[in-house]
Amino acid sequence: LIELRDAYERLFVDLVDALPIGQGVDRRGLRLLLLGALNWSQTWYRPGGYSPRSIARHFVTLLRAPVEPR
């Protein structure tokens with residue numbers, strides 16, 4: 001089980017490392033945020049609402065947008 005978990009996590013380490021993001025971005029924090037959202041998605045997702053693709057697009061938009069007030 002630990003080997004499977006490590007292989008799964010390694011995929012996300014590689015994916016986040018390949019992202020063209022700023023130097024000041026905490027890649028480990030971003031990876032954990034993404035894994036947490038993915039791991040909980042089956043809990044709150046309901047068929048008939050937003051499609052998985054539209055949810056993914058919305059998440060990416062939120063991650064790209066500044067969170068501090070302008």
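Which side chain does Arg31 meet in a salt bridge? In this predicted model, the partner is Glu9, with an N to O distance of 3.0 Å. The pair ties together distant parts of the chain, since Arg31 sits in helix α2 and Glu9 in helix α1, 22 residues apart. The two ends of this bridge don't look alike in terms of cover. Arg31 has a relative accessible area of 10%, so this arginine falls under the 20% limit and counts as buried. Glu9, at 31% relative accessibility, is partly exposed.

That bridge is one of 3 salt bridges in the structure. Another joins the side chains of Asp14 and Arg10, at 3.2 Å from N to O. Here the spacing along the chain explains a good deal: Asp14 and Arg10 are 4 residues apart in helix α1, and are therefore separated by about one helical turn. An α-helix has 3.6 residues a turn, so residues three or four places apart point the same way. Both ends of this pair are partly exposed, Asp14 with a relative accessible area of 42% and Arg10 with 44%. There is also a bridge between the side chains of Arg5 and Asp6, with N and O 2.7 Å apart. Arg5 has a relative accessible area of 47%, which makes this residue partly exposed, and Asp6, at 39%, is partly exposed too.

Now for helix α1 itself, which covers residues 2-17. With 16 residues at 1.5 Å a residue, α1 should span 22 Å, and its end C-alpha atoms are indeed 22 Å apart, so the expected and modelled lengths agree. Within α1, Phe12, Val13 and Val16 are buried. These three cover an arc of only 105° around the axis, so they lie on the same side of the helix. What do the buried residues of α1 pack against? The answer is α2. On the other side of α1, the exposed residues are Glu3, Leu4, Leu11 and Leu15; three leucines are thus named on that exposed side, alongside one glutamate.

Helix α2 runs over residues 27-44 and includes Leu35. Is Leu35 buried or exposed? With a relative accessible area of 9%, Leu35 lies under the 20% cut-off and is therefore buried. Setting aside neighbours within four places in sequence, Leu35 is in contact with Tyr8 and Phe12. Phe12 is, in turn, one of the buried residues of α1, and the buried residues of that helix pack against α2. In another direction, Leu35 and Gly49 are 14 residues apart along the chain, and their C-alpha atoms are separated by 22 Å.

Helix α2 also has an outward-facing story to tell. Trp40 belongs to this helix and has 56% relative accessibility, which is over the 50% limit, so this tryptophan counts as exposed. Which residues make up the nonpolar surface patch? They are Trp40, Trp44, Phe59 and Leu62, and the patch amounts to about 460 Å². The elements giving two or more residues to the nonpolar patch are α2 and α3, the latter covering residues 52-64.

Put together, α2 takes part in several of these features: Arg31 of α2 pairs with Glu9 of α1, the buried residues of α1 pack against α2, and α2 contributes to the nonpolar patch along with α3.

Conventions. Residues are numbered from 1 along each chain as its sequence is written. This is a predicted model: local features need pLDDT of at least 70, side-chain atom pairs count only at pLDDT 80 or more; totals for chains, interfaces and linings use all residues. Side-chain values use heavy atoms; hydrogens and water are left out. Buried means under 20% relative accessible area, exposed over 50%, partly exposed in between (1.4 Å probe, protein chains only). Contact means heavy atoms within 4.5 Å. Patches are made of residues with over 30% relative accessible area and no salt bridge: like charges are joined within 9 Å, nonpolar side chains (Val, Leu, Ile, Met, Phe, Trp, Tyr) within 5 Å. Accessible areas come from the Shrake-Rupley method with a 1.4 Å probe; for residues, only the protein chains shown count as cover. A salt bridge is a side-chain nitrogen of Lys or Arg within 4 Å of a carboxyl oxygen of Asp or Glu. The expected span of a helix is 1.5 Å times one less than its number of residues. The arc is that of the directions from the helix axis to the C-beta atoms.
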